[in-house]
Structure formats: structure tokens, C-alpha cells
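Hi everyone, thanks for making the time. I'd like to walk you through one structure today, so let me put it up on the screen.

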Amino acid sequence: MINDFSFAVPQTIQFGMGSLKKLPEILQANQSTHVFLVSDPGIEQIGLVKKVQDILAAAQVDCHTYLDVTPNPAIETVENAAKAFVESGCTSIIALGGGAPMDTGKAVGILARYGGKATDYEGLSKVPGPIVPLIAIPTTAGTGSEVSASTVITDPERNFKFSIIDHNILPKYALLDPELIMTAPASVAAACGLDALIHAMEAYLSRFASPYTDAMAE
């Protein structure tokens with residue numbers, strides 16, 4: 001017996017070795033010539049931030065880089081990033097890295113468009129409409145944040161991680177280049193692989209599974 005289910009995938013996903021080079025095409029399709037690149041110091045150290053900056057420069061795309069992102073981004077982190085986005089005059093966001101830059105990028109997209117505080121959107125379906133166009137470029141395989149409609153933010157005062165869950169915050173584009181994962185330390189790549197495997201197993205064994213989720217899990 002198959003349970004009732006529904007699904008929507010309002011997103012463009014680009015996958016392939018070396019597909020990072022297609023970033024200018026994606027930006028051109030989105031009519032964006034001034035981007036806000038969100039990443040972190042670790043991604044900068046292994047040279048990926050510069051790699052993206054060089055691709056953008058060659059395509060004559062202006063780039064404002066924001067690297068003050070820490071693991072498990074806190075309210076202050078995402079609100080400072082949103083303020084920097086507004087001041088930069090950028091028109092779209094690129095989130096490069098693992099879960100932290102991508103979660104930060106989603107929160108920036110919300111706050112830059114609708115204002116307020118991150119906690120105003122805590123919970124389910126609190127985002128009024130589409131956020132600033134976001135391109136997610138994961139450098140790990142573990143979080144799946146590039147294809148999920150949620151962001152997780154840490155509230156230090158409550159010692160609590162809260163989620164914003166809304167289809168409006170799903171990245172408009174997910175650019176998946178396996179070459180980026182090859183730059184990670186072996187231990188990180190292995191941990192992310194196990195993370196992805198466990199997520200697939202959980203989805204496949206879930207009582208809420210559907211033919212669509214089973215296909216993705218397999």
C-alpha cells in the first residue's frame with residue numbers, strides 16, 4: 001500500500017565534474033551582475049573562494065565576499081551578514097561551503113528582503129514570499145542544505161538551535177561539482193559520505209517514505 005504524498009522541486013540543479021565553470025551562465029540567466037559571496041575562512045584557506053572569485057572576475061561579475069561565518073551560525077552572524085549584504089548593493093547571493101555558509105546565505109536572503117530579526121521567521125511557513133536569489137554551491141556531501149527548504153540558526157541566549165522551514169528559502173540554484181569535495185581533507189570527505197549514507201537510509205526506512213523519496217534514497 002502506498003501512502004498519499006505530494007512533492008514540489010522549484011529549483012534548478014546543475015551537476016557534473018567541473019560544473020563550477022557554469023556559474024557565469026547561471027548568473028546571466030538570473031540577470032545578476034553583482035553577487036554577495038558567503039563562505040568561511042576554511043574554504044578560503046583551501047583556495048575555493050579565490051577559485052570562485054576568479055571565475056566571476058573573468059565573467060565581469062562584481063563580487064562582494066563575506067567570510068565571517070562560523071560553524072552553527074548564530075543569530076548575530078546571520079544578522080551581521082544581512083546588514084553587509086544590504087550595504088553592498090548586491091542583487092543575489094552565492095553560498096559556498098558546507099551547511100554553515102548555506103544556512104547563513106538563506107537567512108541573509110530572508111532578512112535582506114523582509115527585514116526584522118531571524119527569530120521572527122522561526123518555525124514553519126513564516127517567510128512572506130521569495131527571498132533574494134540564492135545559488136548554493138556545496139563543498140561537502142553531508143548536509144543537503146543546497147536542496148532543502150530549511151535553515152538552522154543558533155540562539156545563544158536560549159542555548160537552542162531553531163529552524164526556519166519554508167519553500168520560499170529553497171536555493172534557486174544548486175550547483176553540484178564533485179571536484180569541490182576532492183579538495184576536502186580525507187577525514188572530512190569520509191565523514192560527509194557517511195552522513196549522506198545515513199540520511200538516505202533514514203529516508204528509505206521512514207514510515208513517511210514515498211516512491212519519490214525512495215528513488216532519491218536509492
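I'll go through the core, one buried threonine, the pockets and then the cysteines. Please keep in mind that this is a predicted model.

Let's begin inside. The largest nonpolar core has 21 residues, and those touching the most other members are Leu-23, Leu-56, Ile-94, Leu-96, Ile-135 and Ile-137. Several elements supply at least two residues each: helix 1 (23–29), helix 3 (48–58), and strands 2 (34–38), 4 (92–97), 6 (134–138) and 9 (173–176). Helix 3 gives the most, with 5 residues. If you'd like one residue to click on, try Leu-23: beyond its neighbours within four places in sequence, Leu-23 is in contact with Val-52, Leu-56, Ile-94, Ile-135, Ile-137 and Leu-175. Apart from this core there is another, of 16 residues, including Val-38, Phe-85, Val-132 and Leu-134.

Now, Val-38 also turns up beside our threonine. Thr-104 sits in helix 5, residues 99–114. Is Thr-104 buried or exposed? Thr-104 is buried, because its relative accessible area is 0%. Setting aside neighbours within four places in sequence, its contacts are Val-38, Val-69, Pro-73, Val-78 and Ala-81.

On to the pockets. The largest pocket has a volume of about 1,200 Å³. Its lining counts 32 residues, and Gly-144, Val-147, Ser-148, Tyr-212 and Met-216 lie nearest the centre. Strand 1 (12–15), helix 6 (178–181), helix 7 (186–205) and helix 8 (211–217) are the elements giving two or more residues to that lining. By character, the lining is 20 nonpolar, 10 polar and 2 charged residues.

The second largest pocket holds about 170 Å³ of space. Its lining consists of Pro-10, Pro-130, Ile-131, Val-132, Pro-133, Leu-134, His-167, Asn-168, Leu-170 and Lys-172. Those residues divide into 7 nonpolar, 2 polar and 1 charged. You may recognise Val-132 and Leu-134, which are also among the members of the 16-residue core.

Last, the cysteines. How many disulfides does a search of the whole structure find? The search finds 0. Why is Cys-63 not bonded to the closest cysteine sulfur? That sulfur belongs to Cys-90 and is 7.4 Å from the sulfur of Cys-63, so the two are too far apart for a bond. As for accessibility, Cys-63 counts as partly exposed because its relative value is 30%. Cys-192, at 14%, counts as buried.

That's my tour, and I'm happy to rotate the model for anyone who wants another look.

Methods. Residues are numbered from 1 along each chain as its sequence is written. This is a predicted model: local features need pLDDT of at least 70, side-chain atom pairs count only at pLDDT 80 or more; totals for chains, interfaces and linings use all residues. Side-chain values use heavy atoms; hydrogens and water are left out. On a 1 Å grid over the protein atoms alone, a cavity is a set of points where a 1.4 Å probe fits but cannot get out, and a pocket is an open set with protein on both sides within 12 Å along at least five of seven lines; lining residues have an atom within 4 Å of a point. Grid points are joined across faces, edges and corners, and a volume is the space filled by probe spheres set on the points. Helices (H or I, at least four residues) and strands (E, at least two) are DSSP runs, numbered from the N terminus. Ala, Val, Leu, Ile, Met, Phe, Trp, Tyr, Cys and Pro count as nonpolar, Asp, Glu, Lys and Arg as charged, and the others, Gly among them, as polar. Buried means under 20% relative accessible area, exposed over 50%, partly exposed in between (1.4 Å probe, protein chains only). Contact means heavy atoms within 4.5 Å. A nonpolar core is a set of buried Ala, Val, Leu, Ile, Met, Phe, Trp, Tyr and Cys residues joined through side-chain atoms within 4.5 Å. A disulfide is a pair of cysteine sulfur atoms within 2.5 Å.
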